[in-house]
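Please open the model in a viewer and keep the sequence panel visible. The stops below are arranged as successive selections.

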Amino acid sequence: METTMTIACAPSSARTSKAVAGTIVRTLAWPFVALARAIEARRQIAQMAQLSDYMLKDIGLQRQDLQDAASLSPFADPTRLLVSRVVERRAARFLSRERKKN
């Protein structure tokens, strides 16, 4: 009769070192990643500002929304503000139509 035995072993020090190094790199890199995202978001807002008022209205935005998004903190995500404005307007239009039906 043969018995098998399993031995639990601690993670290798190389694996632990890589995990710690990865954590350190992510911690040090996040401000640069956030800055890159903020720059890209501002670039996209500038592109949207080139659209006509008619085109902005077609996607549910107003020029003031772009100005509000551009004035946020550099580390704030302007996409959230723009999406919330679009959602608010769509909900208001939907409620207005429902009230007219009743």
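Contact here means heavy atoms within 4.5 Å. This is a predicted model, in which local features need pLDDT of at least 70, side-chain atom pairs count only at pLDDT 80 or more, and totals for chains, interfaces and linings use all residues. Residues are numbered from 1 along each chain as its sequence is written, and side-chain values use heavy atoms, with hydrogens and water left out.

Select residues 34-66 to begin. An unreviewed UniProt entry annotates this stretch as "domain: YjiS-like"; such annotations may be inferred rather than shown by experiment. The stretch is 79% helix and 0% strand, with its end C-alpha atoms 20 Å apart.

Next, select Ile45. Setting aside residues up to four places away in sequence, Ile45 touches Leu66, Ala69, Ala70 and Pro78.

Extend the selection to Ile45, Leu56, Leu61, Leu66, Ala69, Leu81, Leu82 and Val86, the 8 residues of the largest nonpolar core. Such a core is a set of buried Ala, Val, Leu, Ile, Met, Phe, Trp, Tyr and Cys residues joined through side-chain atoms within 4.5 Å. Helices α3 (63-70) and α4 (78-101) each give two or more residues to this core, and α4 supplies the largest share, 3 residues. The core lies between domain 1 (26-71) and domain 2 (73-101), because both give residues to it; the domain bounds come from an automatic or database assignment.

Finally, select Asp65, located in helix α3. Is Asp65 buried or exposed? Asp65 counts as buried, because its relative accessibility is 1%, and buried means under 20% relative accessible area (1.4 Å probe, protein chains only). Beyond its neighbours within four places in sequence, Asp65 is in contact with Gly60, Leu81, Leu82, Arg85 and Arg89.

Definitions and conventions:
Helices (H or I, at least four residues) and strands (E, at least two) are DSSP runs, numbered from the N terminus. Buried means under 20% relative accessible area, exposed over 50%, partly exposed in between (1.4 Å probe, protein chains only).
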